[in-house]
Amino acid sequence: MEVLRPQLITIDGRNYRKNPIQEKTYQHEEDDDNFYQDSVEYSDEPCDAYDVEQTPQGFRSTVSAPSLLYKHIVGKRGDTKKKIEVETKTSISIPKPGQDGEIVITGQHRNGVISARTRIDVLLDTFRRKQPFTHFLAFFLNEVEVQEGFLKFQGEVLEKCSMDRGVDSSIFQNPRKLHLTIGMLVLLSEQEVQQTCEMLQRCKEEFINEISGGKPLEVEMEGIEYMNDDPGMVDVLYAKVHMKDGSNRLQELVDRVLERFQASGLIVKEWNSVKLHATVMNTLFRKDPNVV
């Protein structure tokens with residue numbers, strides 16, 4: 001019933017469904033004795049970006065992390081946590097499984113606390129990257145006029161290419177789900193979902209309204225491109241999206257949103273700019289008709 005009746009989140013008058021979070025597991029990942037060493041090999045350089053509090057007992061720093069990732073800091077039989085504590089001469093307190101909170105690092109020496117904090121951040125980032133995406137940032141392009149144009153395109157393709165290998169109606173996007181993707185996210189706690197909502201609202205107030213002039217941006221979907229250098233290995237076809245007035249406002253807007261989320265760590269930085277596109281055909285749809 002969770003899938004059929006998902007929780008809805010309202011942002012600026014729009015309703016978004018909240019997908020259930022499923023943690024991806026990896027066989028033998030905790031049995032690899034080299035994993036911890038490989039992850040922290042370059043993580044001991046001093047970092048002044050961390051907040052380290054001086055206390056009567058020494059120094060203290062805290063790390064906020066989803067409870068789903070605690071076990072990766074603890075490690076099998078607590079080995080990873082023990083290694084960090086011994087090598088950095090610190091003590092690490094981690095909330096119990098299923099309880100959200102902060103990881104607390106304490107130690108007699110500031111550099112030791114910073115080193116432990118850096119190693120924990122590296123491990124958290126490493127395992128976060130291995131989780132399946134749970135959410136995505138996008139503009140919906142499902143206006144009636146766009147849907148009608150897409151259905152016309154679909155009909156023409158099926159009429160002219162129905163005899164071609166692999167071309168059938170199942171690989172077309174659902175016209176109600178046409179969208180322009182800005183970035184993919186891994187949100188593993190209610191706190192991160194709330195953080196994302198708040199960041200979107202700040203983006204709207206700080207620069208989206210200014211760029212858009214407080215009005216909807218009028219865009220066109222025109223032209224087809226493919227997601228591969230080899231035409232013989234194409235899996236995705238997408239429609240190019242651009243502003244009707246010929247301006248660069250849409251690109252500027254999405255790039256600034258992407259930059260803001262990358263800076264927060266909610267989106268892993270892989271590109272400096274968003275490739276404006278709307279997927280119209282994808283062979284993966286054949287495997288999963290509910291994919292968006």
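The following exercises, each with a worked solution, examine a predicted model.

Residues are numbered from 1 along each chain as its sequence is written, and side-chain values use heavy atoms, with hydrogens and water left out. In this predicted model, local features need pLDDT of at least 70 and side-chain atom pairs count only at pLDDT 80 or more, while totals for chains, interfaces and linings use all residues.

**Exercise 1. The open sheet**

Task: Determine in which order the 4 strands of the open sheet are arranged, and which strands stand at its edges.

Solution:
- Helices (H or I, at least four residues) and strands (E, at least two) are DSSP runs, numbered from the N terminus. Two strands pair if DSSP finds at least two bridges between them.
- On this basis, the order is β3-β4-β6-β5, with antiparallel pairing.
- β3 (53-55) and β5 (90-93) each have a single partner strand, so one side of each lacks a neighbour in the sheet.
- On average, neighbouring strands of the sheet are turned by 25 degrees against each other, direction ignored. Axes are lines fitted to C-alpha atoms, for helices over the stretch in contact, and angles run from 0 to 180 degrees between N-to-C directions.
- β5 and β6 (residues 102-107) are joined in the antiparallel sense over 4 bridges; Ser 91 has Thr 106 of β6 as its bridge partner.
- Helix α4 (residues 110-129) lies across β4 (58-64), β5 and β6, at about 15 degrees to β4.

**Exercise 2. The surroundings of Ser 61**

Task: Establish whether Ser 61 is buried or exposed, and which polar contact joins its side chain to another side chain.

Solution:
- Ser 61 belongs to strand β4.
- Its relative accessibility is 2%, so Ser 61 counts as buried (buried means under 20% relative accessible area, exposed over 50%, partly exposed in between; 1.4 Å probe, protein chains only).
- A polar contact is a pair of N or O atoms within 3.5 Å; within protein, one must be able to donate a hydrogen and the other to accept it, and residues adjacent in sequence count only if both atoms are side-chain atoms.
- The side chains of Ser 61 and Arg 117 are joined by such a contact of 3.1 Å. The Ser 61 side chain also reaches the backbone oxygen of Asp 51 at 3.1 Å.
- Contact means heavy atoms within 4.5 Å. Beyond its neighbours within four places in sequence, Ser 61 has contacts that include Val 52, Ile 103 and Val 113.

**Exercise 3. The aromatic cluster**

Task: Describe the geometry of the pairs that Phe 153 forms with Phe 150 and with Phe 172.

Solution:
- A pair of aromatic rings is described by the distance of the centres and the angle of the planes. Rings of Phe, Tyr and Trp (its six-membered ring) pair if their centres lie within 6.5 Å; planes under 30 degrees apart count as stacked, over 60 as edge-to-face and the rest as tilted.
- The whole structure holds 3 aromatic pairs. One of them, Phe 150 with Phe 153, is tilted, at 6.3 Å centre to centre and 40 degrees between the planes.
- Both residues lie in helix α5 (residues 144-161), 3 residues apart, about one turn of the helix. Phe 150 is buried at 4%, whereas Phe 153 is partly exposed at 23%.
- Phe 153 and Phe 172 form an edge-to-face pair, 6.2 Å centre to centre with 70 degrees between the planes. Phe 172 lies in the loop between α5 and β8 (179-185), so this pair ties together parts 19 residues apart in sequence.
- Phe 172 is buried at 6% relative accessibility. Phe 150, Phe 153 and Phe 172 thus make up one aromatic cluster.
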